[in-house]
Every structure is written in C-alpha cells, then in structure tokens.
Amino acid sequence: MNHTHRPVLLAEAVTALIDGPLLQDQTKKIVIIDGTFGRGGHSQRLLSKLNTNARLMAFDKDLDAIAVAKAIKDPRFSIIHSSFAQMDQYAEPASIDGILLDLGISSPQVDEAHRGFSFRRDGPLDMRMNTDHGITAAEWLEQAPQEEISKVIKTYGEERFASQIAKAIVAKREEGLSPKTTLQLANLVASVVRTREPGQDPATRTFQALRIFINRELEDLELGLKAALSLLKPGARLAVISFHSLEDRIVKQFLQAHAKVEVPRGLPLREKDLPQSALEIIARIRPGEEELKENPRARSAIMRVAEKRMGALA
C-alpha cells in the first residue's frame, strides 16, 4: 500500500507565489494562505521560503490532514479545520499576500480503503472529506431518487452510461442490496459500463462524480475563488491547481471573467480612463516530463496563476 504523497507542481506553485511583487520585500509582514493543506507539502516548502515575520494560514476539511498539520511546530504556521470556501471568515478583505489552492485529493485519502475513495480497495462507501459532517455516499445512494443519481453521475462524472448505472443501483436497492462498500459499487458499475477508454477503470467516472457531489467540491471552488479575490491585496497572487476538466473550467472562466472589463460599446472613454480589471492572468502551467515519470497522478494537473491588479477594488 502506497501512502506516500507527492505534492503536484510543488516548485512551480511556490515559485508562482514567491515571485509575486508583494513578496519581493520580505521585511514586511507577509501573510499567505494554503487553502488545501492536504499532507502539507506545499505549506512546508512555503515555510522554508518565507522570513521569520511571515504567517502561513492553512485550511483543510479532512481530520487526518488536521492531525498532520498539528505536528508542525512552527510559530508562523496555523491550521484551520474548515473549507477554503470559508476562508474569508478568517481574514480581513485585501489582507493576504498570496493564496494557493491545490484541488486534488491526497494519496493517503485514495490509498486508505476506509476512506471509501478507491474503487480498487474494498472499504466502506464513505467518500466524505470531513468525516464528522454530512452523509456518506452509501447513505445517499440508499435514499436518492434514480433521476437524481443519474444526474449526479452524468454531471460530475461526465459519464455517458449514467442512466444505466443509476437504474442498476436502484434495482439493487429494491432487492435490499444497496451498495455499502467500494467494491460492491465498482462491480455494479462494471456490470453496466461495457466500454471504457483504454487504461481507465469502468468505475472511475462514477467514483469521481460521487466524491464531487458528496463533498460539494465545485460549490466550494466557486465560493473559494470569490473569497480569494476578496482577500488578496492588490499585487498579490492566486495559484490554483486543478485535476479534471470540471474544476479547470470553473477556474479558467473565473479568472478570465475578472481579467477583462466590459465597457458598453459607444461610450466616449479614452484608454487611460477605462476601468481596470481585477486580475491579470500570469500563467498556465502543466507538470513536466520528469514530474510525470515520478508521479503519474500529476498527469491531469493544470495550475493557473493570476495576480490582483494594483488599484483593483474587487
């Protein structure tokens, strides 16, 4: 069993924040947020680059991640058991010098069967990031209408066999055999999904969909991006690492929407009088060949970096 977690785009993410204009003078009291602590790889590297006056606030919903974070004995570091969607409840607007969001799940979460994220290891069908809040995937499948199950699998898994999978789940439920474990669900999905892309397990899309739904991942992402924009100082940077197209689409569209200004056609404004957009898009970065050799789980990662414009009010 491999519980080793390799932070994705580690050097690139830290560099993206450290190279921001606000961090060039580290004699100032810098405050950075790691919105997704995970197993702390990005936080630890950031701490190694920040001066003694800096502060690093980290967030995570996962109690296992909180336990790892509490072992860090660095007075500059603090951990908050909450989603990054609520990070604006813990800091003042325009008070943060950089924010990192790594949207992937950590390797221990995938590898530990009792978390219920893996279709390769048998365990309870849980899938909650925060195991002391909300219902498990098994509990939801036991009571959700067939149409809703189909919609979730189709929307969040982009699964073309969503209706057949939902029908099979409900049929088993009516027999008193609703899936309670990861392998029960994986085998049920495999009995319905007849074709799949080479190298992809038939259950991949269904497990992704249920994980996203149970943890409200996309809703949290939308709220977190808005919170980040509010918290960043002008000149501060936001770096977001996503791992599938649904996440990346939300990040890309958010950054693009705030990197332009809509001016009604025909308004008599000179260029210098045009309102300024809130963000400047800095980079779109994917893992290099060397990282992919060492960590195949990084293959779908995309990091987008933006900087809040000087004078931006949003």
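Start by selecting helix 1, residues 10-18. Colour its buried residues: Leu-10, Ala-13, Val-14, Ala-16, Leu-17 and Ile-18. Keep in mind as you look that this is a predicted model.

What do those buried residues pack against? Add these to your selection:

- strand 1 (31-34) and helix 2 (41-49)
- strand 4 (96-102) and strand 5 (232-242)
- strand 7 (302-308)

Here is a handy bit of background for looking at helices. An α-helix has 3.6 residues a turn, so residues three or four places apart point the same way.

Next, jump along the chain to helix 8, residues 182-192. Click on Thr-182, which belongs to this helix. Is Thr-182 buried or exposed? Its relative accessibility is 0%, so Thr-182 counts as buried. The cut-off for buried is under 20%.

Now show the side chain of Thr-182 and look for Arg-121. A polar atom of that Thr-182 side chain sits 2.6 Å from the backbone oxygen of Arg-121. Want to see who else is around? Leaving aside residues up to four places away in sequence, Thr-182 touches Gly-116, Ser-118, Arg-121, Asp-122, Gly-123, Pro-124, Leu-125 and Phe-207.

Stay in helix 8 and pick Leu-185. This one also has 0% relative accessibility, so Leu-185 counts as buried. Which residues does Leu-185 touch, again skipping those up to four places away in sequence? Select Leu-125, Leu-141, Ile-169, Pro-179, Phe-207 and Leu-210. Notice a couple of familiar names: Leu-125 and Phe-207 are contacts of Thr-182 and of Leu-185 too.

While you're here, try the distance tool on the C-alpha atoms of Leu-185 and Thr-206. Along the chain they are 21 residues apart, and in space 9.1 Å separates them.

Time to zoom out and show the whole chain. You'll find 12 helices and seven strands. The C-alpha atoms fill a box of roughly 65 × 55 × 40 Å along the principal axes. A compact globule of 314 residues would have a radius of gyration near 20 Å, and this chain has 21 Å, so the two agree. Of the 314 residues, 52% count as buried. Among contacts with a separation of 6 or more, 70% join residues 24 or more positions apart.

Finish by switching on the surface. The accessible area comes to about 15,400 Å², and carbon and sulfur atoms account for 50% of that. Colour by charge as a last stop: there are 44 positive and 42 negative side chains, with the centres of the two sets 2 Å apart.

Key:
Residues are numbered from 1 along each chain as its sequence is written. This is a predicted model: local features need pLDDT of at least 70, side-chain atom pairs count only at pLDDT 80 or more; totals for chains, interfaces and linings use all residues. Side-chain values use heavy atoms; hydrogens and water are left out. Helices (H or I, at least four residues) and strands (E, at least two) are DSSP runs, numbered from the N terminus. Buried means under 20% relative accessible area, exposed over 50%, partly exposed in between (1.4 Å probe, protein chains only). A polar contact is a pair of N or O atoms within 3.5 Å; within protein, one must be able to donate a hydrogen and the other to accept it, and residues adjacent in sequence count only if both atoms are side-chain atoms. Contact means heavy atoms within 4.5 Å. The radius of gyration is taken over C-alpha atoms; the globule rule is 2.2 Å times the number of residues to the power 0.38. Accessible areas come from the Shrake-Rupley method with a 1.4 Å probe; for residues, only the protein chains shown count as cover. Lys and Arg count as positive and Asp and Glu as negative; His and the chain ends are not counted. The place of a charge is taken as NZ of Lys, CZ of Arg, CG of Asp or CD of Glu.
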